[in-house]
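Student: I am new to this one. Can we walk through it step by step?
Tutor: Gladly. Take a look first, then ask.

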Amino acid sequence: MKKKFAALLAIAVLSMSSVYAAESQGPISRWLDNVTGKVSRKEQSAYQKSQERQQKLAAKEKARQQKIAQKKAKAKQKELERKKKAAERQKRVEKKKKQFKELFSKD
């Protein structure tokens with residue numbers, strides 16, 4: 001019974017001291033902080049690099065979309081100009097037809 005009591009008492013003391021040791025800045029906790037700190041810094045830098053890469057890709061995609069939009073606008077403008085010129089040409093043709101009709105008609 002004394003051995004069991006002594007073992008139980010030792011376990012209780014160790015568990016209380018382990019909580020205290022975890023809270024204090026001993027050599028083991030400092031070493032553990034250094035190790036985890038390095039890992040967290042590496043993770044943070046990897047995350048930042050990933051974010052920068054995503055931002056660059058987003059900027060490139062935005063620039064590409066703007067270029068495409070400009071090309072579409074330019075093509076639409078050219079199409080409108082071409083239609084306008086075709087309409088003017090058709091007007092002139094109709095006018096000439098009318099003039100020839102009037103010229104050669106028997107009135």
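Tutor: One definition to start. A patch is made of residues with over 30% relative accessible area and no salt bridge, and nonpolar side chains are joined within 5 Å. Keep in mind that the model is predicted.

Student: Which residues form a nonpolar patch on the surface?
Tutor: Members must have over 30% relative accessible area. Together the members here have about 380 Å² of accessible area. They are Trp31, Leu32, Val35 and Val39.

Student: Is Val39 buried, partly exposed or exposed, and why?
Tutor: Val39 is found in helix H2. Buried means under 20% relative accessible area, and exposed means over 50%. Val39 has 43% relative accessibility, so Val39 counts as partly exposed.

Student: How many helices and strands are in the chain?
Tutor: Helix H2 covers residues 27-104. Strands come to zero in the chain. The helices number two.

Student: What percentage of the residues count as buried?
Tutor: A residue is buried under 20% relative accessible area. The chain has 107 residues. The share that counts as buried is 3%.

Student: How much area does the chain expose, and what part of it do carbon and sulfur atoms supply?
Tutor: The chain exposes about 10900 Å². Carbon and sulfur atoms supply a part of that area, namely 61%.

Student: How many salt bridges does the count come to?
Tutor: The rule asks for a side-chain nitrogen of Lys or Arg within 4 Å of a carboxyl oxygen of Asp or Glu. Arg64 and Glu61 meet in one such bridge. Glu79 forms one with Arg82. The count comes to two.

Student: What is the N to O distance in the salt bridge of Arg64 and Glu61?
Tutor: Both residues sit in helix H2, three residues apart, so about one helical turn separates them. Their side chains are also joined by a polar contact. The salt bridge distance, N to O, is 2.8 Å.

Student: Are Arg64 and Glu61 buried, partly exposed or exposed?
Tutor: Partly exposed lies between 20% and 50% relative accessible area. Arg64 has 41%. Glu61 has 35%. Arg64 is therefore partly exposed, and Glu61 also counts as partly exposed.

Student: How far apart are the closest N and O atoms of Glu79 and Arg82?
Tutor: Glu79 and Arg82 are three residues apart in helix H2, so about one helical turn lies between them. Glu79 is partly exposed at 32%, and Arg82 is partly exposed at 48%. Their closest N and O atoms are apart by 2.4 Å.

Student: How many aromatic pairs does a search of the whole structure find?
Tutor: Rings pair if their centres lie within 6.5 Å. The search finds one.

Student: Why do the rings of Phe100 and Phe104 count as they do: stacked, tilted or edge-to-face?
Tutor: Their centres are 6.2 Å apart. Phe100 and Phe104 are four residues apart in helix H2, so about one helical turn separates them. Planes under 30 degrees apart count as stacked. The planes here are at 5 degrees, so the pair is stacked.

Student: Is Phe104 buried or exposed?
Tutor: Exposed means over 50% relative accessible area. Phe104 has 63%, so Phe104 is exposed.

Methods: Residues are numbered from 1 along each chain as its sequence is written. This is a predicted model: local features need pLDDT of at least 70, side-chain atom pairs count only at pLDDT 80 or more; totals for chains, interfaces and linings use all residues. Side-chain values use heavy atoms; hydrogens and water are left out. Patches are made of residues with over 30% relative accessible area and no salt bridge: like charges are joined within 9 Å, nonpolar side chains (Val, Leu, Ile, Met, Phe, Trp, Tyr) within 5 Å. Accessible areas come from the Shrake-Rupley method with a 1.4 Å probe; for residues, only the protein chains shown count as cover. Buried means under 20% relative accessible area, exposed over 50%, partly exposed in between (1.4 Å probe, protein chains only). Rings of Phe, Tyr and Trp (its six-membered ring) pair if their centres lie within 6.5 Å; planes under 30 degrees apart count as stacked, over 60 as edge-to-face and the rest as tilted. A polar contact is a pair of N or O atoms within 3.5 Å; within protein, one must be able to donate a hydrogen and the other to accept it, and residues adjacent in sequence count only if both atoms are side-chain atoms.
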